[in-house]
Amino acid sequence: MTLDGEALEQLRKRARSGGADKYHAANAAKGKLFARERVALLVDEGSFVEDGLYANALAEGLPADGVVTGTATIDGRQVCLMANDSTVKAGSWGARTVEKIIRIIERAYSTSVPMVYLVDSAGARITDQVDLFPGRRGAGKIFWNQVRASGSIPQVCALFGPSAAGGAYIPAFCDVVAMVDGNASMYLGSDRMVEMVTGEKTTLEAMGGAKVHTAESGVGHFLCQTEADALDVVRRYLSYLPANWTQTPPAAAPVAAPAKADLAALVPASERQAFDMRRYVKGLLDEGSFFEIQALWAKELTIGFGRLDGEVVGVLGNNSMFKGGVLFVDSADKATRFVQLCDAFNVPLLFLSDVPGFMVGSAVEKQGIIRHGAKMITAISEATVPKICVVVRKAYGAGLYAMAGPGFEPDATIALPSAKIAVMGAEAAVNAVYANKIAAIPDADERAAFVAAKRAEYEQDIDIVRLASELVVDAIVEPHDLRTDLVRRFAAARTKDRHFSRRRHGVTPV
């Protein structure tokens, strides 16, 4: 088949236009952009170079086989990307679709640049299953490549519509997922299939919508109101990370902390009074630099990227505004994954501890709190990036271990003057040791005096100056000096030896 210039231009135009006008109109009615519009909004103008434009060009109604793939730059930095075209058979996968996705992930891995997934797909085309599903270059190879690339290059997903059946694993294997509220969904089986298999009557939104996955399952990381918001999340996320695991995160011009931030005033004297760790983090970091991740899920632990004097750090802080800052199954998982992400891409870790410990009780034991806590502590142990533990108010029980306490080789353990480190709080400790004696004192005033005396003894035993004198903590730092101290300590730790253990890999407590 010989093409002249005009015929080739017509072929190119058809491939780039996507599906029929009615499908474009239906998407627009839902507030959805065309796949190529998403790409244009995300990347630097004029930087996109497309591959596989003519995939399935001889077939009727399958322009580019429903997926756009290629390379571009975002803020001047090279990336690879794919974008499902939901105007072409609802963005479903055919054999050429799968091959294009595999190739672009392989390109990202071989050139050591980030991989961006703009997902809007109804899943596999059942009519093409033999061609796309079981073979060596079938759909499974997509996930194999994602797993191989994980921790080697950043992988970020923006989800604009469905990500159905096996296709739901593309977002799951990414570092983070931004979901557009009202349109985005992830599910292994459609609502019709669920009813047929289990008898349950549900909807895609109730089962796998954006709110479900960002607030309940934890599979999603950012709940976005518009597609532009989701694309901004992709852009901002990548701004904190290097192109690959061999590089360091990109530095920015130093920015001072907020002028009105008074870290001492943010922390109540009574440990029974909650405070919002997110405000503390924002007051400590360069102004405007905190980028919170999974803000709606397991809110008792706050995580995210930020900058200290222009340098990227990953922050984990217990938030007593939610469940008292106690660590649960979900918050342990949240911490584990974030620590692994930071360690993979050379992002130093800052732990801000105000933790009563892990939750206790039959409900969490049945959920495997010990296993999940062990997983978190494993991640903390294995992380070889610079890591600093700051005891903002308290670190009790195994919570001290989970927040990179002294036994986990942090580059420093810093205590604020009001900090407490102990197996448990004074009230619980006195009750545990003297419960029978307290119960045997008949007079209420005498009983209260006894408890107060024992609490005072306990507080003296765990006095922070005593812990500093025993070298449990490396420094006691005033809140107004904390930022400067951290900047200097992270700078000093930048060249540390990152060897951890003689082995292939550990056996993680999953």
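Hi everyone. Let me start right at a contact: Arg38, Leu41 and Leu42 of helix H3 meet Glu227, Leu231, Val234 and Arg235 of helix H11. Sorted by class, this contact between H3 and H11 has 4 nonpolar and 3 charged residues, with no polar ones. Before I go on, please keep in mind that this is a predicted model.

So how do these two helices sit against each other? Two packed helices are described by the angle between their axes and the distance between those axes. H3 and H11, which covers residues 227–239, pack at an angle of about 45 degrees, and their axes are 10 Å apart. An angle like that is neither under 35 degrees nor in the range of 65 to 115, and H3 and H11 are therefore oblique to each other. Their crossing is right-handed.

Let me stay with H3 for a moment. Which residues of H3, residues 35–42, are buried? They are Ala35, Arg36, Arg38, Val39 and Leu42. These residues cover an arc of only 155 degrees around the axis, so they lie on the same side of H3. If you look back at the contact with H11, you will find Arg38 and Leu42 there too.

Now a second pair, H4 and H6. Helix H6 spans residues 140–149, and H4 packs with it at an angle of about 15 degrees, the axes being 9 Å apart. That makes H4 and H6 roughly parallel to each other, because angles under 35 degrees count that way. The crossing here is left-handed. On the H4 side, the contact is made by Val98, Ile101, Ile102, Ile105, Glu106 and Tyr109. On the H6 side, you have Lys141, Ile142, Asn145, Gln146, Arg148 and Ala149. By class, the contact of H4 with H6 has 7 nonpolar, 2 polar and 3 charged residues.

While we are around H4, let me point to the loops on either side. Between strand S3, residues 77–84, and H4 there is a loop that holds Thr87. Is Thr87 buried or exposed? It is buried, because its relative accessibility is 3%, and the cut-off for buried is under 20%. Setting aside residues up to four places away in sequence, Thr87 touches Gly18, Gly19, Ala20, Tyr23, His24, Asn27 and Phe34. Thr87 and Leu62 are 25 residues apart along the chain, and their C-alpha atoms are separated by 9.6 Å.

On the other side, the loop between H4, 95–111, and strand S4, 115–121, holds Ser112. Ser112 has a positive phi of about 60 degrees, although it is not a glycine. With a relative accessible area of 28%, Ser112 is partly exposed.

There is another residue with a positive phi to show you. Ala298, also not a glycine, has a phi near 50 degrees. You will find Ala298 in the loop between strand S9, 291–293, and strand S10, 301–308. Here the relative accessible area is 11%, so Ala298 is buried.

Third helix pair: H14, residues 329–344, and H16, residues 369–382. These two pack at an angle of about 20 degrees, with their axes 8 Å apart. H14 and H16 are therefore roughly parallel to each other, and their crossing is left-handed. From H14, the contact takes in Val329, Ala332, Asp333, Ala335, Thr336, Val339, Gln340 and Asp343. From H16, it takes in Ile369, His372, Gly373, Lys375, Met376, Ala379, Ile380 and Glu382. By class, that gives 8 nonpolar, 4 polar and 4 charged residues for the contact of H14 with H16.

Last, two single residues. Ala398 is found in helix H17, residues 398–402, and at 32% relative accessibility it counts as partly exposed. How far apart are the C-alpha atoms of Ala398 and Ile377? They are separated by 9.0 Å, and these residues are 21 apart along the chain.

And then Val194, which is found in helix H8, residues 191–198. Val194 counts as buried, at 13% relative accessibility. Leaving out its neighbours within four places in sequence, Val194 is in contact with Gly189, Gly199, Glu200, Thr202 and Met207. Val194 and Thr378 are 184 residues apart in sequence, and 36 Å apart in space, C-alpha to C-alpha.

That's my tour. Thanks for listening!

How values were computed. Residues are numbered from 1 along each chain as its sequence is written. This is a predicted model: local features need pLDDT of at least 70, side-chain atom pairs count only at pLDDT 80 or more; totals for chains, interfaces and linings use all residues. Side-chain values use heavy atoms; hydrogens and water are left out. Axes are lines fitted to C-alpha atoms, for helices over the stretch in contact, and angles run from 0 to 180 degrees between N-to-C directions. Helices (H or I, at least four residues) and strands (E, at least two) are DSSP runs, numbered from the N terminus. Angles under 35 degrees count as roughly parallel, over 145 as roughly antiparallel, 65 to 115 as roughly perpendicular and the rest as oblique. A crossing is left-handed if the near helix is turned anticlockwise from the far one by less than a right angle, and right-handed if clockwise. Contact means heavy atoms within 4.5 Å. Ala, Val, Leu, Ile, Met, Phe, Trp, Tyr, Cys and Pro count as nonpolar, Asp, Glu, Lys and Arg as charged, and the others, Gly among them, as polar. Buried means under 20% relative accessible area, exposed over 50%, partly exposed in between (1.4 Å probe, protein chains only). The arc is that of the directions from the helix axis to the C-beta atoms.
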